[in-house]
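Here's a quick walk through this fold, strand by strand and then into the core. Have the sequence and the 3D view open as you read.

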Amino acid sequence: MAKPPEPGTPAPDFALPGLRLTGDGAERREYRLADAKGSPLVLAFYPGDDTLVCTRQLCSYNTDLDRFAGLGAAVWCISGQDLDSHERFARKRGLGLPLLSDAGEAVARSYGITAPGIGLRRSVFVLDAAGTVRWRHVALAGLTFQRPDTLVRELAALADTPAAPR
């Protein structure tokens, strides 16, 4: 099993189907990590749509999207549910951030954040504009989550850190 990428190393590349609410519609498309190059990115892996802790986590990130955008960063949220589940969840909670479907959890495994009997472990990775992991948190039990203030602090620190070549 892969281990989570260490800070200072490239994030494992991936392409996943995802969706983002757009007014009354939902834009479905492929999200490729390579396409995010040039801007910081927060990857938030979460266990399940419309569960208590995941709902709190994603709603808090959604509330602070302007703070992330002010630092030039996007937030992508990844779990194993399909796009229909993601769309129901996004509509119910008014989420405007992309929800990506990692059916089969291949990407979660490549990030070393799956565990037998648990599945996907709640994890957050902050990537710089070159796609290098600059900060990470992998939860043991997943009963809490990293608050937006923590992620904003880590993103702000990127301005003082030279990006590694990709």
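## Starting in the sheet

Look first at Ser101 in β5, which is the bridge partner of Ser79. Keep in mind that this is a predicted model. The bridge belongs to a run of three that join β4 to β5 (residues 99-101), and these two strands are parallel.

Zoom out and you get an open sheet of seven strands, in the order β2-β1-β5-β4-β3-β8-β9, with mixed pairing. The edges are β2 (25-32) and β9, each of which pairs on one side only. From one strand to the next, the twist averages 25°. As a reminder, strands of a sheet pair through backbone hydrogen bonds, parallel or antiparallel.

## The hairpin at one edge

At the β9 end, the pairing with β8 is antiparallel and runs over five bridges. One of the residue pairs here is Leu127 with Val133, the latter sitting in β9.

β8 and β9 make a hairpin, with five residues between the two strands. In that turn, check Gly131: its phi is positive, at about 85°.

## Helices α5 and α1

So what does α5 lie across? It lies across β3, β8 and β9, and runs at about 20° to β8. Helix α5 covers residues 148-158, and its buried residues are Pro148, Thr150, Leu151, Val152, Glu154, Leu155 and Leu158. Those buried residues pack against β3 (41-45), α1 (52-63), α2 (65-70), β8 (123-127) and β9 (133-138).

Helix α1 has 12 residues and spans 17 Å from first C-alpha to last, close to the 16 Å expected at 1.5 Å a residue. Plenty of α1 is tucked away: Val53, Cys54, Thr55, Gln57, Leu58, Ser60, Tyr61 and Asn62 are buried.

## Two nonpolar cores

Which residues have the most contacts inside the largest nonpolar core? They are Tyr61, Cys77, Leu99 and Leu151, in a core of 25 residues. At least two residues of this core come from each of β3, α1, β4 (74-79), α3 (83-93), β8 and α5. There is also a second, separate core of 20 residues, which includes Leu33, Leu41, Leu120 and Leu127.

Cys77 is worth a click. Beyond its neighbours within four places in sequence, Cys77 contacts Ala44, Tyr46, Leu58, Leu97, Pro98, Leu99 and Leu100.

## What about the cysteines?

If you're wondering about disulfides, a search of the whole structure finds zero. Cys54 is in none, and the nearest cysteine sulfur, that of Cys77, is 9.8 Å away. Going the other way, Cys77 is in no disulfide either, with the sulfur of Cys54 as its nearest at 9.8 Å. A disulfide here would need the two sulfur atoms within 2.5 Å.

Are these cysteines buried or exposed? Cys54 has a relative accessible area of 0%, so it counts as buried. Cys77 is buried too, at 0% relative accessibility.

## A partly exposed leucine

One last stop is Leu65, found in helix α2. Leu65 counts as partly exposed because its relative accessibility is 24%, and buried would mean under 20%.

Setting aside residues up to four places away in sequence, Leu65 touches Val75, Gly96 and Leu97. Leu65 and Leu100 are 35 residues apart in sequence, and their C-alpha atoms are 17 Å apart in space.

Notes. Residues numbered from 1 in each chain as written. Predicted model: local features only at pLDDT ≥ 70, side-chain atom pairs only at ≥ 80, totals over all residues. Heavy atoms only, no water. Buried < 20%, exposed > 50% of the residue type's maximum accessible area, 1.4 Å probe, protein only. Helix = DSSP H or I, 4+ residues; strand = E, 2+ residues; numbered from the N terminus. Contact = heavy atoms within 4.5 Å. Core = buried A, V, L, I, M, F, W, Y, C linked by side-chain atoms within 4.5 Å. Pairing = 2+ DSSP bridges. Expected span 1.5 Å × (residues − 1). Axes fitted to C-alpha atoms, helices over the stretch in contact; angles between N-to-C directions.
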